[in-house]
Amino acid sequence: MNIETKLKKIRETKGLTQIEIAKKSNITKRSYQRYEYGERVPDVYTAQLIAQVLHEPVEKLFPLPASAKTGEDKPSNKQA
């Protein structure tokens with residue numbers, strides 16, 4: 001399930017509107033809509049605020065890509 005689907009599903013399950021989450025997260029309604037519509041991804045601080053409002057772990061709402069978990073994208077520390 002993608003981020004936007006998770007956000008909407010959890011928000012609706014908890015009976016909250018986009019406006020309520022935005023206000024409680026101290027962001028604009030439009031900013032929250034962009035996250036829920038998949039147009040943008042929140043910064044770490046905002047993701048934490050949204051997770052707190054929804055009473056969910058941030059990792060559940062905004063999981064790391066598989067490559068980040070395995071470290072595949074990290075540059076090598078080896079010197080040539």
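**Helix packing and salt bridges in an all-helical chain**

The accessible surface of the chain amounts to about 5,900 Å², and carbon and sulfur atoms contribute 51% of that area. The model is a predicted one. Of the 80 residues in the chain, 31% count as buried. The secondary structure consists of 6 helices and 0 strands, which gives the pattern α-α-α-α-α-α when read along the sequence. Among contacts in the chain with a separation of 6 or more, 49% are between residues 24 or more positions apart.

The largest nonpolar core holds 15 residues, of which Leu7, Ile21, Tyr32, Ile50, Leu54 and Leu61 touch the most other members. At least two residues of this core are supplied by each of H1, helix H2 (18-25), H3 and helix H4 (44-54). H4 provides the largest share, with 5 residues. In soluble globular proteins, nonpolar side chains tend to be buried together. The surroundings of Ile21 illustrate how the core is connected: beyond its neighbours within four places in sequence, Ile21 is in contact with Arg11, Leu16, Tyr32, Ile50, Val53 and Leu54. Of these partners, Tyr32, Ile50 and Leu54 are listed with Ile21 among the core residues that touch the most other members.

Helix H1 spans residues 3-13. Its buried residues are Lys6, Leu7, Ile10 and Arg11. These four residues lie on the same side of H1, because they cover an arc of only 120° around the axis. The cover over the buried residues of H1 includes H2, H3, H4 and helix H5 (58-61). H1 is followed by Gly15, which has a positive phi, near 70°.

Helix H3 spans residues 29-36. Here the buried residues are Tyr32, Gln33, Tyr35 and Glu36. Viewed down the axis of H3, they fall within an arc of 160°, so they line one face of the helix. H1, H2 and H4 are among the elements that cover the buried residues of H3. Just after H3, Gly38 adopts a positive phi of about 80°. H1 and H3 therefore each appear in the cover of the buried residues of the other, as the cover of H1 includes H3 and that of H3 includes H1, and the buried residues of H3 line one face of that helix.

A search of the whole structure identifies 5 salt bridges. One of them joins the side chains of Arg11 and Glu36, with an N to O distance of 2.8 Å. This pair links distant parts of the chain, since Arg11 belongs to helix H1 and Glu36 to helix H3, 25 residues apart. Arg11 is buried, with a relative accessible area of 9%, and Glu36 is likewise buried, at 5% relative accessibility; both values lie under the 20% limit for burial. The side chains of Arg11 and Glu36 also make a polar contact at 2.8 Å. Leaving aside neighbours within four places in sequence, the contacts of Arg11 are Leu16, Thr17, Gln18, Ile21, Tyr32, Glu36 and Leu54. Among these contacts of Arg11, Ile21, Tyr32 and Leu54 are members of the largest nonpolar core.

Two further salt bridges involve Glu39. The side chains of Arg30 and Glu39 meet at 3.0 Å, N to O, and those of Glu39 and Arg34 meet at 4.0 Å, N to O. The residues of these bridges are partly exposed: relative accessibility is 34% for Arg30 and 31% for Arg34, and the relative accessible area of Glu39 is 46%. Each of these values falls between the limits of 20% for buried and 50% for exposed. The bridge between Arg11 and Glu36, by contrast, has both partners buried, at 9% for Arg11 and 5% for Glu36. Elsewhere in the chain, a network of salt bridges links Lys14, Glu56 and Lys60.

Terms used:
Residues numbered from 1 in each chain as written. Heavy atoms only, no water. Buried < 20%, exposed > 50% of the residue type's maximum accessible area, 1.4 Å probe, protein only. Polar contact = N/O pair within 3.5 Å; in protein donor to acceptor, adjacent residues only side chain to side chain. Contact = heavy atoms within 4.5 Å. Core = buried A, V, L, I, M, F, W, Y, C linked by side-chain atoms within 4.5 Å. Arc of directions from axis to C-beta. Areas by Shrake-Rupley, 256 points an atom, 1.4 Å probe, with all protein chains shown as cover.
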